[in-house]
Amino acid sequence: MFDFTFNSPWNENLDFYQETEGRPCVLMFLRYYGCSTCQLEMHRLIQDYPKFAAKGAKVFVVLQSEPETLREQSAEDYFPYTIICDPKQELYQACEIGSNPHPDIRSAELEKRVQEARALGIRHGKNEGNEAQSPATFVLAGDQTIRYAWYGVESIDVPANEELLNLL
């Protein structure tokens, strides 16, 4: 069971289990808010959030960013889901989420997503944490048991929202 306290950009010492309200949830680990492809993924979650809500699910995005970084760049009501700030990478370590062994290799898909982000006006910002941090995504049942776990390699290696929706 996932049971931990966390800070969001706007609140401190939140209890994850209480925040899930006994509902199924998606827990997505990305790198940091300045990462343009991470912002693109967060943008996609915003677009599809009504579909997650219609399934009764809550969505959480874990970032290595300091809370101040998001507070400086976003309003509290911008994200319909919960941001978990983990600048010390304690949750990444607890969930055994590793780093990309080849962080300097840029795939064609990564370049495509960088261009997609740019087309949306998303630009790379401040680096925070481990630049080579790999992503991970978990789908949890209402009782917090893991129904699905995905450990990615490069920063864009996350399941599509449609796949996650089908798992709820």
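# Arginine 31, leucine 63 and the sheet around them

Me: Between which strand and which helix lies the loop that holds arginine 31?
Reply: Arginine 31 belongs to no helix or strand but to a loop of this predicted model. On one side of that loop is a strand made of residues 25-29, and on the other a helix made of residues 36-54. The loop with arginine 31 therefore joins strand S3 to helix H2.

Me: Does arginine 31 count as buried or exposed?
Reply: A residue counts as buried when its relative accessible area is under 20%. Arginine 31 has a relative accessibility of 11%. Because that value falls under the cut-off, arginine 31 is buried.

Me: Which residue offers a backbone oxygen to the side chain of arginine 31?
Reply: Residues in contact with arginine 31, beyond those within four places in sequence, include Leu63, Tyr92, Glu131 and Gln133. One of these contacts has a side chain to backbone pairing at 2.4 Å. The backbone oxygen that the side chain of arginine 31 reaches belongs to glutamate 131.

Me: In which strand is leucine 63 found?
Reply: Leucine 63 touches Arg31, and residues beyond four places in sequence that it also touches include Leu30, Met42, Cys85 and Tyr92. Its relative accessible area is 0%, so leucine 63 is buried. The strand that contains leucine 63 spans residues 58-63 and is S4.

Me: How far apart are the C-alpha atoms of leucine 63 and aspartate 77?
Reply: Along the chain, leucine 63 and aspartate 77 are 14 residues apart. In space, the separation of their C-alpha atoms is 17 Å.

Me: What is the place of methionine 42?
Reply: Methionine 42 has a relative accessibility of 2%, so it counts as buried. Its contacts beyond four places in sequence include Leu63, Val61, Tyr81 and Ile83. The C-alpha atoms of methionine 42 and threonine 5 are 22 Å apart, with 37 residues of separation in sequence. The element that holds methionine 42 is helix H2.

Me: Which strands stand at the edges of the open sheet?
Reply: The sheet has 5 strands in the order S5-S4-S3-S6-S7, and its pairing is mixed. An edge strand has a single partner, so one of its sides has no neighbour in the sheet. That description applies to S5 (82-85) and S7 (146-151).

Me: What is the average twist from one strand to the next?
Reply: The twist is taken over the open sheet with the order S5-S4-S3-S6-S7. From one strand to the next it averages 15 degrees.

Me: What angle does the direction of H2 make with that of S4?
Reply: H2 packs on the sheet and touches S3, S4 and S5. Angles run from 0 to 180 degrees between N-to-C directions. For H2 and S4 the angle is about 165 degrees.

Me: How many residues of S6 are buried?
Reply: S6 pairs with S3 in the antiparallel sense over 5 bridges, and 5 bridges also join S6 to S7, again antiparallel. Ala136, Phe138 and Leu140 point one way from S6, while Thr137 and Val139 point the other way. Residues on both of these sides are buried. The count for S6 is 5 of 5.

Me: Which residue in S7 stands opposite valine 139?
Reply: Elsewhere on S6, threonine 137 stands opposite tryptophan 150 in S7, and phenylalanine 138 stands opposite leucine 27. The residue of S7 that stands opposite valine 139 is tyrosine 148.

Me: What is the approximate phi of glutamine 144?
Reply: S6 and S7 form a hairpin with 5 residues between them, and glutamine 144 is in the turn. At 1% relative accessibility, glutamine 144 counts as buried. Its phi is positive although the residue is not glycine, with a value near 75 degrees.

Me: Which elements give two or more residues to the lining of the second largest pocket?
Reply: The second largest pocket has a volume of about 280 Å³. It is lined by 14 residues, and Asn7, Cys85, Asp86, Pro87 and Glu90 are the closest to its centre. The elements that each give two or more residues to the lining are S1 (5-6), H3 (67-73), S5 and H4 (90-94).

How values were computed. Residues numbered from 1 in each chain as written. Predicted model: local features only at pLDDT ≥ 70, side-chain atom pairs only at ≥ 80, totals over all residues. Heavy atoms only, no water. Helix = DSSP H or I, 4+ residues; strand = E, 2+ residues; numbered from the N terminus. Buried < 20%, exposed > 50% of the residue type's maximum accessible area, 1.4 Å probe, protein only. Contact = heavy atoms within 4.5 Å. Polar contact = N/O pair within 3.5 Å; in protein donor to acceptor, adjacent residues only side chain to side chain. Pairing = 2+ DSSP bridges. 1 Å grid on protein atoms, 1.4 Å probe; cavity = no way out; pocket = protein on both sides within 12 Å on 5 of 7 lines; lining within 4 Å. Points joined across faces, edges and corners; volume = space filled by probe spheres on them.
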